[in-house]
Amino acid sequence: MAKERMLQFVTVSREMPEKRAASVRAQDFGEIYREFAAAKAAEQAARCSQCGVPYCQSHCPLHNNIPDWLRMTAEGRLQEAYDLAQATNTFPEICGRICPQDRLCEGNCVIEQAGHGTVTIGAIEKYITDTAWDNGWVKPIRPAEDRAESVGIIGAGPGGLAAADALRRAGIQVTVYDRHDRAGGLMTYGIPGFKLEKDVIVQRITQLEQAGVQFVQNCSVGEDLAFDAIRGRHDAVIIATGVYKSRELDGEHAGAAGIVRAIDYLTASNRKGFGDEVPEFDSGELDAEGKRVVVIGGGDTAMDCVRTAIRQGALSVKCLYRRDRENMPGSQREVANAEEEGVDFVWLTAPRGFTVGGAVDGVIVQQMRLGPPDVTGRHAPEVIEGADYVEAADLVIKALGFEPEDLPRLWGVEGLEVTRWGTVRADFRSHATSLPGVFAVGDIVRGASLVVWAIRDGREAAENVLSYLAGAQAVAAE
């Protein structure tokens with residue numbers, strides 16, 4: 001019934017005079033859309049087979065109780081569904097939007113494996129949480145009792161925010177230090193608004209602020225404030241900085257004007273979405289409008305770049321990736337979305353250098369083939385000699401992934417152990433580092449990973465911080 005109402009509404013509004021149609025749309029569309037969304041969520045949730053071995057749950061990093069909240073949604077018990085989703089996931093409305101469900105829960109749905117199309121778990125998770133916010137079911141964080149202990153969290157991304165949420169609920173005093181002027185990390189400045197609306201992040205940050213979490217913005221540790229000073233202020237510290245160092249390209253003219261980092265490009269676009277003044281965007285340096293854009297890389301960041309360029313009005317958008325479609329690291333769903341929007345994927349290609357005419361005007365592309373598999377089972381790309389060509393480009397975006405910054409050097413701290421990859425060495429259960437009372441979570445431990453893994457790490461670390469503080473209290477009492 002909701003579907004028929006939606007179709008009827010669209011047809012009638014098209015036949016009306018524009019002013020009248022606009023009025024009707026403003027009055028009725030929200031209500032009709034909500035009815036349609038509710039019916040669609042219930043319909044999809046009812047498709048869950050409630051299988052005895054819930055692979056969707058076991059393949060979710062948070063082990064969300066997906067079958068049960070799907071059943072509740074199908075039965076119209078949305079508030080109960082939200083309460084169950086929130087019990088294991090600090091930010092279900094965010095995961096519902098940006099998790100790569102095709103690689104996690106939905107990709108392991110038994111209905112999907114049987115060839116009947118997966119239950120749209122992510123869309124349902126988004127729907128029930130958005131409904132919870134609309135109906136006031138998301139309650140303020142009110143600790144039963146305030147405690148004197150304080151924890152400093154460095155980094156306001158998903159791992160840091162998840163830890164802050166759990167600690168504040170336990171009554172701990174929490175201060176979050178972040179290098180940016182807004183909290184959220186890459187959720188705020190790295191992920192485009194068409195995938196993750198910024199008000200969705202803001203409402204969670206506001207919830208934390210109202211609960212008493214203190215945010216210290218524009219604070220670069222090691223420059224504005226020493227790491228040892230943060231340790232001195234707090235009973236424990238959680239490092240949740242993420243990884244921001246971009247991998248670079250080699251080759252002739254790799255430093256030419258018009259060749260930019262993905263993080264700079266996406267940050268500029270997101271800042272414009274907030275209404276900020278962004279000189280690099282306004283000058284055209286980080287704006288794809290009217291340009292031939294080439295994005296280099298095959299991960300989710302590359303997909304964010306190509307889809308952003310399309311929305312900015314690029315003349316053309318091409319994505320170069322050195323392996324084939326089946327071996328790319330990004331979400332296949334994201335690739336399909338990008339193709340539908342007009343992005344041209346050029347598989348088995350990599351840049352050898354660039355041509356310039358004042359600024360970049362082309363990418364020297366070397367064609368590749370897949371050789372024998374390496375020790376991980378992935379086929380290594382090999383260059384096809386003599387098959388180079390030039391791809392015209394006015395803007396080249398490097399989306400080759402991120403690496404950790406050298407925190408011990410940047411922060412001037414001794415004793416903080418890192419791995420050979422530069423990530424902070426932390427126990428995978430407790431998240432404790434080599435420094436007493438210092439824990440680490442998310443990408444700075446795992447390397448570039450998913451928001452859902454950072455949320456899991458933040459929640460786990462908070463539990464272990466509470467245990468650490470309890471132990472410190474017991475020692476002090478002796």
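## Exercises on a predicted model

In this predicted model, the side chains of Asp304 and Lys195 are joined by a polar contact of 2.7 Å. Let's start from that pair and work outwards.

### Exercise 1: The surroundings of Asp304

Find the element that holds Asp304, decide whether Asp304 is buried or exposed, and list the residues it touches beyond its sequence neighbours.

**Solution.**

- Step 1. Look along the chain: Asp304 sits in helix α15, which covers residues 300–311.
- Step 2. Check the accessibility. The relative accessible area of Asp304 is 5%. Buried means under 20%, so Asp304 counts as buried.
- Step 3. Set aside the neighbours within four places in sequence. Asp304 is then in contact with Gly190, Ile191, Pro192, Phe194, Lys195, Leu266 and Glu334. Lys195, in this list, is also the polar partner of Asp304.

### Exercise 2: Reading a sheet

Work out the strand order of the five-stranded open sheet, and explain why one side of β6 and of β9 is left without a neighbour.

**Solution.**

- Step 1. Write down the order: β6-β14-β7-β8-β9, with parallel pairing.
- Step 2. Look at the ends. β6 (259–261) and β9 (344–347) stand at the edges and have a single partner strand each, so one side of each has no neighbour in the sheet.
- Step 3. Consider the twist: on average, neighbouring strands here are turned by 25° against each other, direction ignored.
- Step 4. Zoom in on one edge. β6 runs parallel to β14 (residues 395–398), and three bridges join them. One residue to look for is Val260, whose bridge partner in β14 is Ile397.
- Step 5. Add the helix. α13 (residues 262–274) lies across β6 and β14, and runs at about 75° to β6.

### Exercise 3: Empty space

How many cavities of 30 Å³ or more are there, and which residues lie nearest the centre of the largest cavity? Then find the element that gives the most to the lining of the second largest pocket.

**Solution.**

- Step 1. Count the cavities of 30 Å³ or more: there are two.
- Step 2. Take the largest cavity, with a volume of about 120 Å³. Its lining has 16 residues, and Cys48, Cys51, Cys56, Cys109 and Val110 lie nearest its centre. At least two lining residues come from each of α3 (55–58), α4 (66–74) and α7 (110–113).
- Step 3. Move to the second largest pocket, of about 270 Å³. Nearest its centre are Ala87, Thr90, Ala166, Arg459 and Glu463, out of 16 lining residues.
- Step 4. Compare the contributors. α5 (78–88), α9 (158–169) and α19 (451–477) each give two or more residues, and α19 gives the most, with six.

How values were computed
Residues are numbered from 1 along each chain as its sequence is written. This is a predicted model: local features need pLDDT of at least 70, side-chain atom pairs count only at pLDDT 80 or more; totals for chains, interfaces and linings use all residues. Side-chain values use heavy atoms; hydrogens and water are left out. Two strands pair if DSSP finds at least two bridges between them. Helices (H or I, at least four residues) and strands (E, at least two) are DSSP runs, numbered from the N terminus. Axes are lines fitted to C-alpha atoms, for helices over the stretch in contact, and angles run from 0 to 180 degrees between N-to-C directions. Contact means heavy atoms within 4.5 Å. Buried means under 20% relative accessible area, exposed over 50%, partly exposed in between (1.4 Å probe, protein chains only). A polar contact is a pair of N or O atoms within 3.5 Å; within protein, one must be able to donate a hydrogen and the other to accept it, and residues adjacent in sequence count only if both atoms are side-chain atoms. On a 1 Å grid over the protein atoms alone, a cavity is a set of points where a 1.4 Å probe fits but cannot get out, and a pocket is an open set with protein on both sides within 12 Å along at least five of seven lines; lining residues have an atom within 4 Å of a point. Grid points are joined across faces, edges and corners, and a volume is the space filled by probe spheres set on the points.
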